Amino acid sequence: QVQLVESGGGLVQAGGSLKLSCTASGRTFSGYAIGWFRQAPGSERDFVAAISHYGGMTYYADSVKGRFTISRDNAKNTVYLQLNSLKSEETAVYYCAAGPPKYSYSLFSRESGYGYWGQGTQVTVSS
């Protein structure tokens, strides 16, 4: 079992930045790949970014490449998602998820690849 708690969400103006954190407790954190997903009102949950269990591989949705950065600190059991140049359409609940090690984009980007989910943190971008 692993428990995930997201934090760092809030209200920001378009063009602004936020840094989200996903802190885990429970089993060995460094053994899990971590993904970030987001769900806007009335929409399905979409992949945002992911990082391999050892941190050497990162993947991003095309829509966030160059603006978002995912990183992890296994000593702190935490994964971070830096959100820059935010757009109003990126208003959503952001979720982190943990799953077994993966080695391809298709596996990182699927919800089915993650067995543990946090409760989410709200990000609201005002225009």
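This report describes a four-stranded sheet and two loop residues in a predicted model.

**The sheet**

Strands of a sheet pair through backbone hydrogen bonds, either parallel or antiparallel. In this model, four strands form an open sheet in the order β1-β3-β8-β7, and their pairing is antiparallel. Strands β1 (2–7) and β7 (68–73) stand at the edges; each has a single partner strand, so one side of each is left without a neighbour in the sheet. From one strand to the next, the twist averages 15°.

Within this sheet, β3 (residues 18–26) pairs with β8 (residues 78–83) in the antiparallel sense, over six bridges. One pair of residues can be named here: T23 has T78, in β8, as its bridge partner.

**Two loop residues with positive phi**

Which residue in the loop between β7 and β8 deserves attention? N77 is found there, and its phi is near 55°, a positive value in a residue other than glycine. A residue counts as partly exposed when its relative accessible area lies between the limits of 20% and 50%. The relative accessible area of N77 is 25%, so N77 is partly exposed.

S85 lies in the loop between β8 and β9 (92–99). S85 is not a glycine either, yet its phi is positive, at about 50°. With a relative accessible area of 39%, S85 is likewise partly exposed.

The table sets out the values for these residues.

| Residue | Loop | Phi | Relative accessible area |
|---|---|---|---|
| N77 | between β7 and β8 | near 55° | 25% |
| S85 | between β8 and β9 | about 50° | 39% |

Conventions:
Residues numbered from 1 in each chain as written. Predicted model: local features only at pLDDT ≥ 70, side-chain atom pairs only at ≥ 80, totals over all residues. Heavy atoms only, no water. Pairing = 2+ DSSP bridges. Axes fitted to C-alpha atoms, helices over the stretch in contact; angles between N-to-C directions. Buried < 20%, exposed > 50% of the residue type's maximum accessible area, 1.4 Å probe, protein only.
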